[in-house]
Amino acid sequence: MTVAIDGERLWQSLMDLAQIGATPKGGNCRLALSKEDGQGRDLVVGWMREAGLEITVDQVGNIFGVRPGRDPARKPVMTGSHIDTQPTGGRFDGCFGVMAGLEVMRTLNDQGIQTEAPLALTIWTNEEGTRFVPVMMGSGVHCGVFPLETALAATDVDGKAVRDELAAIGYAGTAPIGTVQAGSYLEAHIEQGPILEAEETTIGVVTGSLGLRWYDVTVTGMEAHAGPTPMALRRDALYAATHLMQAVVDIANDPAFAPLGRGTVGVVNAYPASRNVIPGRVQFTVDLRHEDAALLEQMEQRFRAAAAALAAGETTGTPVQVDIAFVQEFPPTPFDRTLVERVRSEAIARGMSQRDIVTGAGHDAVYMARCVPTAMIFVPCKDGISHNEVEDADPKHLEAGANVLLGAMLAQAA
């Protein structure tokens, strides 16, 4: 007999959690370590205790609920995600992974099934990085990406520190980092993109994550009056900067890097920002991504070559100053082949349409992949929209994803 989760119970749990921090457009605002985040944690931890899970809270506020197995010497098969949201977030980003994991535990209880290896459900602290940085804070500390003290000392715009806000909501745990160690990790998530829905595919078998490199760029020319200054004598920083911005997108569209290349200019600021002054300085952000580390490096070199040509006047005929500041990098992260294949096999065995897919977004699974065998399960979201109050998902797709998670965890824990 194929074991299956209760789709209606999964949906109702998601909707109950969504009442905390609900927004007018049907979304959620539960910023990390806010009062609402604390209330959400209390609700889910209560459910975890009702499911018989042994609760541990570590020093950065990560919550672990362990279901014992027959062999206590084995490390748990872990699943989880986060319940903190963007300021105008949705009901499913992160929350689906936590509720799907809870539903796995509930279903096994209902069926009286005991696994050989223990199972664990985790709620990671501050995945979104909206209120506090670094992003993916809890999993980053857990995996040793950055020190515990760095996380605890981080402050929000009001100067409030993580350590104090953890205490304020009752989740300043005392368990040392790494008290609960996984043997493997699976994370279910909405896709946050349009591919699965467009292809009418139910399950995304996530093979890894795109590498990411961020830069801040400043192009400096010369301010001048927009009326008296002839076009040929201008050093228009904005005009020059737009050529480099277009190069960022053109590089990602180049067949050498498509279809997994990504190039984005997300923020642009022109100075002095006056209607009748030629911009003398422009600052903008650049985000380059690719699955292949060597190709990502080539994308960066193309970007820097375009910047050098612009600075020399080769692009526009007028030299400008171009300064590039490196901000942050996440290397491409392949997921564990054996665990990825387990996800694929489970989807096929349950008669679900599936395809390989790469995640372009950051997830706690990306850090966990540095520590233990890791894989992810994607399900479609409506119109590919996420980080938005109108974020939506089909209950049947969520049920399907949770069933794949259930089957994969059972197989892994055998």
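## Salt bridges and helix packing in a predicted model

Asp-156 and Arg-131 form a salt bridge in which the closest N and O atoms are 2.9 Å apart; a salt bridge is a side-chain nitrogen of Lys or Arg within 4 Å of a carboxyl oxygen of Asp or Glu. Asp-156 belongs to the loop between helix 5 (148-153) and helix 6 (162-168), and Arg-131 to the loop between strand 4 and helix 4 (137-142), so the pair ties together parts that are 25 residues apart in sequence. Helices (H or I, at least four residues) and strands (E, at least two) are DSSP runs, numbered from the N terminus. Both partners are assessed by relative accessible area, where buried means under 20%, exposed over 50%, and partly exposed in between (1.4 Å probe, protein chains only). Asp-156 counts as buried at 10% relative accessibility, and Arg-131 is buried at 16%.

The model is predicted, so local features need pLDDT of at least 70 and side-chain atom pairs count only at pLDDT 80 or more, whereas totals for chains, interfaces and linings use all residues. Residues are numbered from 1 along each chain as its sequence is written, and side-chain values use heavy atoms, with hydrogens and water left out.

The structure holds 20 salt bridges. The table lists some of them.

| Acidic residue | Basic residue | Closest N and O atoms |
|---|---|---|
| Asp-156 | Arg-131 | 2.9 Å |
| Glu-103 | Arg-9 | 2.8 Å |
| Glu-116 | Arg-70 | 3.1 Å |

The salt bridge of Arg-9 with Glu-103 has its closest N and O atoms 2.8 Å apart. Arg-9 lies in helix 1 (residues 7-18) and Glu-103 in helix 3 (residues 95-111), so this pair ties together parts that are 94 residues apart in sequence. Arg-9 is partly exposed, at 23% relative accessibility, whereas Glu-103 is buried, at 1%.

Glu-116 forms a salt bridge with Arg-70. Glu-116 is in the loop between helix 3 and strand 4 (119-123), and Arg-70 is in the loop between strand 2 (63-67) and strand 3 (77-81), so the pair ties together parts that are 46 residues apart in sequence. Glu-116 is partly exposed at 31% relative accessibility, and Arg-70 is partly exposed at 48%.

Helix 3 also packs against helix 12 (residues 395-412), at an angle of about 60° and with the axes 9 Å apart. Axes are lines fitted to C-alpha atoms, for helices over the stretch in contact, and angles run from 0 to 180 degrees between N-to-C directions. The two helices, helix 3 and helix 12, are therefore oblique to each other; angles under 35 degrees count as roughly parallel, over 145 as roughly antiparallel, 65 to 115 as roughly perpendicular and the rest as oblique. Among the residues that meet (contact means heavy atoms within 4.5 Å) are Phe-96, Ala-100 and Val-104 in helix 3 and Leu-398, Gly-401 and Leu-405 in helix 12. The residues of this contact divide into ten nonpolar, three polar and no charged. Here Ala, Val, Leu, Ile, Met, Phe, Trp, Tyr, Cys and Pro count as nonpolar, Asp, Glu, Lys and Arg as charged, and the others, Gly among them, as polar.

Thr-202 is found in the loop between helix 7 (195-198) and strand 6 (203-209). Thr-202 is buried, with a relative accessible area of 17%. Leaving aside neighbours within four places in sequence, Thr-202 is in contact with residues including His-397 and Ala-400.
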